[in-house]
Amino acid sequence: MSKRTFSIGGVHPHDNKMSRECALEQLPLAPTVYISVAQHIGAPAVPVVAVGDKVKVGQVIAEPGGFVSTFIHSSVSGTVKSIGPRADLAGKPSSHIEIAVEGDEWAEGIDTTDTLVTEIPSDNKAIIEKIRRGGVVGLGGATVPTHVKLSPPPGSKCERVIINGCECEPYLTSDYRTLLEKGDKVVVGAAILRQVMGNVPCTIAIEENKPEAIAHIREVIARLGYQGIDVMVMKMMYPQGGEKQLIDAVMHRQVGSGALPISVGAVVQNVCTTLAVYDAVQKNKPIVDNSVTVTGACFPKQANLMVRVGTPLKYIVDYLGGVPESAAKVISGGPMMGRAVANLEAATVKGTGGLLFLTEAETRRQSAGNCIRCGKCADACPMGLEPFLLNKLSKAGDVEALEANAAHDCIECGCCMYSCPAHIPLLDNIRMGKGAALGAIRARAAAAKAAAEAAKK
Amino acid sequence: MSKLIVSPSPHIHSKDSTRSLMLDVVIALIPAVICSVVFYGWQELLVLGVSVASCVLLEWAITKYMLKKPSTIGDFSAVITGILLALNVPYTTPWWVIVIGSIVAIGVAKMTFGGLGQNIWNPALVGRVFLLVSFPTYMTTWSQPQGLFGVDAISGPTPLGTVQEGLMQGATVQELTSAYNYKDLLFANLGGSAGEVCALALLAGFVYLCCRKVIKPWITLSIFATVALTSLIFWGIDPARFTDPAFNLLTGGLILGACFMATDYVTSPMSVWGGVVFGVGIGFLTMMIRYFGSYPEGVSFAILIMNSVVPLLNMWFKQKKFGRK
């Protein structure tokens, strides 16, 4: 059993998977849900319902606002109460559709039974269209519309589909529970994906701290008799679930700066996305819910919940007994890359994978000291960058040097800041430098384009 | 819950801090400290005490009264400088000489540049070399270890000093080194500055630091390898003129320098290959100074010279960036 990992950097935070034994549990319906129309990368979706309309579960309520955009479905049945701005996680207003819940009636054509459908349709175009219509987006974090990833640009060829079951973020266990409890569906989803990409081999990558999931998925593949799908056991290492890192670990190929995974022949999909692909293609079921890990050492009741999209965070927390007194920070996602929640009234989106409660002692930032040039940040950086240098350049605002030192390659995984013994807020500063470098690159590209067009005339 | 903290990711931090890393270095030095006190007696304890106290006090005073900033002595780096300086001077050094050494180490070499992390040269070594140049009498009168409960000290030069002096008088290396056996060198039975006398204790500390992942072994190993190789070549050419590899590895503070001074975070390159070049440079320069220089001992100078080129090494030896040529 060979255990692989990516070739540069990485850190080993304690995995703290304290909710690993909690089976997926259905969260009761909230009285009202608030569904964002901008819960994916790309253009926001355009609402197609009006206030007062009756909607059913799985009914389209907003349509794509462009190619890189997707359908949004009602996650409940009930009446549209309002359409307008509402504060998101960070407290910033964004457009939401408010629906008062009445019963739980599903739209027609959706198979809500639990029967496993293993027969895959043969028309790949129809499959991609079903995925697009199902509103499937990457649930691993970036929420890129999945049909976009499955439509490689002309000239590029997929050689391997990688199903990302690493779940390298500490605390989170929703992918693990999905693999364990819905492994059959995930494997069928994987079979669909490899067929769509041209019957290429498919690797399901799982980190070694989930031996039960590894054994279960192996058993499922054998039982269903699928060829071309295998399980790869990965060493525990953060950020293995990062797309570029995972491709490097599985295929020993490095995606270039600014390039897409398809440039090295890889398509990566998260476990929950793969499940969503199965639902959309085999059951006509769009994304209306997703699995959310609710956890933290200070949180009394650990849980992995199936939550309808648009459920207010406060409703979830109250269901489990409310925010503990000692919690100082609530994070949507994991502790390394998740976002701190400023507003518990905010609603979940398709990509919400976890709610983590940290005490002040666990999360408090120490005051920064002098850089002691230990190089631990550079050792930890999975992109091979020099965070200590980028930190300085960012503070100095030296955009040219930032670009020369590849600040724009930063994936914001947080390894540098996690390992800095002087507690320097490296990533805070580097994010600004990265933005500046990206801005310069885009401005140059735009100027070159304009010049080329002017030359044509 | 009263108010939620909102800050950008990452939300957790490793247990490492500057203080914990420096404490590990202090722990790694404890065997050598115990060893030197056992072999040199209470006088060595006094040297250590004066050195550490003056380094820490000086840093505290400079941050408080001159820089008017929060004190940085809590990071333990001044303690390390104090211990290293003490291990680099003979136990007979008068207390006021040590205080002058601390002033140069902390005041000039460290705080003038902006404190921890900003200095170019290893502070303890700058202090040591300053004393060596300014007070050669105190710094080169070495004594045979008399032991914690020992009798009168016998004054005499260090093995390297003996050899250099002897060579100038026309003796051969074989005659001069026949008095030493390598077991003595390993187990600290010879004259030298405190840190030179117990190779095993120093190596134990080095292994501890590597196991705790405080330092990487490459700098130290490349110094040892270069010293061994260089002396092997010269010794092979003319064993009457040049000392052999084992003698060079075990004498003159090479182990102290390679394990604890050359591996100082601040003044060594960050990348593995930069570190290897740095180590090769130190090893080679040490041997050149020992064989052809006017000082019997070259480790301090070699490290300081290589400290100066660290910024260049950091520029030349960069890790390959992900997905880039």
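The following questions and answers go through parts of a predicted model.

Colleague: In what order do the four strands of the open sheet in chain A stand?

Modeller: The pairing in this sheet is parallel. β11 (229-234) and β12 (266-270) of chain A each have a single partner strand, so they stand at the edges with one side left without a neighbour in the sheet. From one strand to the next the twist averages 25°. The order is β11-β10-β9-β12.

Colleague: Which residue of β11(A) stands opposite A:Thr203?

Modeller: Strand β10 of chain A covers residues 202-207 and pairs with β11(A) in the parallel sense, over six bridges. The residue of β11(A) that stands opposite A:Thr203 is A:Asp230.

Colleague: What angle does helix α7 of chain A make with β12(A)?

Modeller: Helix α6 (residues 243-251) of chain A lies across β9, β10, β11 and β12 of chain A, and runs at about 120° to β9(A). Helix α7 (residues 271-282) of chain A also packs on the sheet, where it touches β9 and β12 of chain A. The direction of α7 makes an angle with that of β12(A) of about 85°.

Colleague: How many of the nine residues of α6(A) are buried?

Modeller: The buried residues are A:Lys244, A:Gln245, A:Leu246, A:Ile247, A:Asp248, A:Ala249, A:Val250 and A:Met251. These residues pack against β9, β10, β11 and β12 of chain A. The helix is largely enclosed by the rest of the structure, because the buried residues number eight of the nine.

Colleague: Is A:His252, the residue that follows α6(A), buried or exposed?

Modeller: A:His252 sits in the loop between α6 and β12 of chain A. Its phi is positive, about 55°, although A:His252 is not a glycine. The cut-off for exposed is over 50% relative accessible area. With 55% relative accessibility, A:His252 counts as exposed.

Colleague: And A:Glu167, with its positive phi: buried or exposed?

Modeller: A:Glu167 is not a glycine, yet its phi is about 40°. The residue is found in the loop between β9 and α3 (174-181) of chain A. Buried means under 20% relative accessible area. At 8%, A:Glu167 is buried.

Colleague: Which proline of chain A follows a cis peptide bond from A:Tyr238?

Modeller: Most peptide bonds are trans. The bond from A:Tyr238 has omega near 0°, which is cis. The proline lies in the loop between β11 and α6 of chain A. The residue is A:Pro239.

Colleague: Where in chain B does B:Pro10 lie?

Modeller: The peptide bond from B:Ser9 to B:Pro10 is cis, with omega near 0°. B:Pro10 is placed in the segment before α1 (18-40) of chain B.

Colleague: How many residues apart in sequence are the parts that A:Glu159 and A:Arg253 tie together?

Modeller: These two residues form a salt bridge, with 3.1 Å between the closest N and O atoms. A:Glu159 lies in the loop between α2 (146-149) and β9 of chain A, and A:Arg253 in the loop between α6 and β12 of chain A, so the pair ties together parts that are 94 residues apart.

Colleague: Is A:Asp428, the partner of A:Arg365, buried or exposed?

Modeller: The side chains of A:Arg365 and A:Asp428 meet in a salt bridge at 2.6 Å, N to O. A:Arg365 is in the loop between α9 (360-363) and α10 (376-380) of chain A and A:Asp428 in helix α14 (residues 426-456) of chain A, so the pair ties together parts 63 residues apart in sequence. A:Arg365 counts as partly exposed, at 36% relative accessibility. A:Asp428, at 19%, counts as buried.

Colleague: Which residue in helix α14 of chain A forms a salt bridge with A:Glu412?

Modeller: A:Glu412 is in the loop between α12 (399-404) and α13 (415-419) of chain A, and its partner is 19 residues apart from it. The closest N and O atoms are 2.8 Å apart. The partner is A:Arg431.

Colleague: What accessible area does the nonpolar surface patch of chain B have?

Modeller: The patch is formed by B:Leu57, B:Trp60, B:Tyr65, B:Met66 and B:Leu67. B:Leu57 lies in helix α2 (residues 42-66) of chain B and counts as exposed at 54% relative accessibility. Together the five residues have about 560 Å².

Methods. Residues numbered from 1 in each chain as written. Chains lettered and ligands numbered in written order. Predicted model: local features only at pLDDT ≥ 70, side-chain atom pairs only at ≥ 80, totals over all residues. Heavy atoms only, no water. Pairing = 2+ DSSP bridges. Helix = DSSP H or I, 4+ residues; strand = E, 2+ residues; numbered from the N terminus. Axes fitted to C-alpha atoms, helices over the stretch in contact; angles between N-to-C directions. Contact = heavy atoms within 4.5 Å. Buried < 20%, exposed > 50% of the residue type's maximum accessible area, 1.4 Å probe, protein only. Patch = residues over 30% accessible without salt bridge, like charges linked within 9 Å, V, L, I, M, F, W, Y side chains within 5 Å. Areas by Shrake-Rupley, 256 points an atom, 1.4 Å probe, with all protein chains shown as cover. Salt bridge = Lys/Arg side-chain N within 4 Å of Asp/Glu carboxyl O.
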